[in-house]
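Here's a walk through one protein chain, with the sequence and coordinates to hand. Have the viewer open and follow along.

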Amino acid sequence: MKNIAKLPKSAEITVKYRVLDEEISPNNTNCANKVVPYLQMKDHDCSFKIEEFEFDIERKYVLNKNGSLKEYWRYLAEGPLTYSMQQLNGDLKFKSHEKLNNFNIKVKEDRTAIIDNNTIFKIERIFEKEKLILIEKGNKDILEGRRILYAYK
């Protein structure tokens, strides 16, 4: 039987990343000049390595302690654009287009999945040292060629 990945009871989700998957990322030129280990990442780094995986960040969602959105980052070739909640609330069309209305993320009660805006994502793997959660591939709510990771504390 496969070992079920479970988050520690005290774990709180702090960030959601939407990344290019491990097949696309190594061939992507947006971030190709610099791939850093996840734990050494600085704010404007957009490509990171964790064990054998390499991921290029497309979107970063910074959460408050209630699992609601605090900041939204869109990674472009020239670097990330960051939006505060005040900026997002000032442009409701953009907020809606980016699917940021009623944004909320929490850990499922049994600690084996993440509830992301009412979609349940099963945990594939937890990188304990980095405090990163990798979500299973193949969910219809994840764009083709993408992966979802969550950081926790």
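## Positive phi in two loops

Glu51 is partly exposed, at 49% relative accessible area. In this predicted model, Glu51 sits in the loop between β3 and β4. Its backbone is worth a look: phi is positive, about 50 degrees, although Glu51 is not a glycine.

Arg111 is another non-glycine residue with a positive phi, in this case near 70 degrees. You'll find Arg111 in the loop between β7 and β8 (113–116). Is Arg111 buried or exposed? With a relative accessibility of 14%, Arg111 counts as buried, because the cut-off for buried is under 20%.

## Two nonpolar cores

Now for the inside. The largest nonpolar core has 25 residues, and the members touching the most others are Leu7, Ile13, Ile114, Ile133, Ile135 and Tyr150. Several strands chip in with at least two core residues each: β4 (53–63), β5 (69–76), β7 (105–107), β9 (119–127), β10 (132–135) and β11 (146–152). There's also a second, separate core of 20 residues, with Val19, Phe53, Tyr75 and Leu149 among them. As a general rule, nonpolar side chains in soluble globular proteins tend to be buried together.

Ile135 makes a good place to zoom in. What does Ile135 contact, leaving aside neighbours within four places in sequence? The nonpolar names on its list are Ile114, Phe121, Ile123, Ile142, Ile148 and Tyr150. Lys122, Glu124 and Arg147 are in contact with Ile135 too.

## Salt bridges across the chain

How many salt bridges does the structure hold? The count is 14. Side chains of opposite charge can pair when their charged atoms come close.

Take Arg147 and Glu124, which form a salt bridge with their closest N and O atoms 2.8 Å apart. Arg147 is in strand β11 and Glu124 in strand β9, so this pair ties together parts 23 residues apart in sequence. Arg147 is buried, at 2% relative accessibility, whereas Glu124 is partly exposed at 32%. Both residues also belong to a network of salt bridges that links Asp21, Glu22, Glu23, Glu124, Lys137 and Arg147.

Within that network, Lys137 pairs with Glu23, the closest N and O atoms being 3.3 Å apart. This pair links distant parts of the chain, 114 residues apart: Lys137 is in the loop between β10 and β11, while Glu23 is in the loop between β1 and β2 (36–37). Lys137 counts as partly exposed at 38% relative accessibility, and Glu23 counts as exposed at 53%.

Glu52 and Arg125 form another salt bridge, at 3.8 Å from N to O. Glu52 lies in the loop between β3 (47–50) and β4 and Arg125 in strand β9, so the pair ties together parts that are 73 residues apart in sequence. Glu52 is exposed, with 56% relative accessibility, and Arg125 is partly exposed, with 26%.

## The largest pocket

On to the pocket. The largest one has about 430 Å³ of space. It's lined by 18 residues, and those closest to the pocket centre are Lys16, Arg18, Tyr61, Lys99 and Asp141.

Which strands each supply at least two residues of the lining? They are β1 (13–20), β4, β9 and β11. If you're thinking about the chemistry of the lining, the split by class is seven nonpolar, three polar and eight charged residues.

## Far in sequence, far in space

Two pairs round off the tour. Glu12 is in the segment before β1 and counts as partly exposed, at 34% relative accessibility. Glu12 and Tyr152 are 140 residues apart in sequence, yet their C-alpha atoms are 5.2 Å apart in space. Leaving aside neighbours within four places in sequence, Glu12 is in contact with Tyr152, Lys65, Ala151 and Lys153.

Lys140 and Asp45 are the other pair: 95 residues apart along the chain, with their C-alpha atoms separated by 28 Å. Lys140 is in the loop between β10 and β11. With a relative accessible area of 75%, Lys140 is exposed, because exposed means over 50%.

Note on methods: Residues numbered from 1 in each chain as written. Predicted model: local features only at pLDDT ≥ 70, side-chain atom pairs only at ≥ 80, totals over all residues. Heavy atoms only, no water. Core = buried A, V, L, I, M, F, W, Y, C linked by side-chain atoms within 4.5 Å. Buried < 20%, exposed > 50% of the residue type's maximum accessible area, 1.4 Å probe, protein only. Helix = DSSP H or I, 4+ residues; strand = E, 2+ residues; numbered from the N terminus. Contact = heavy atoms within 4.5 Å. 1 Å grid on protein atoms, 1.4 Å probe; cavity = no way out; pocket = protein on both sides within 12 Å on 5 of 7 lines; lining within 4 Å. Points joined across faces, edges and corners; volume = space filled by probe spheres on them. Nonpolar A, V, L, I, M, F, W, Y, C, P; charged D, E, K, R; others polar. Salt bridge = Lys/Arg side-chain N within 4 Å of Asp/Glu carboxyl O.
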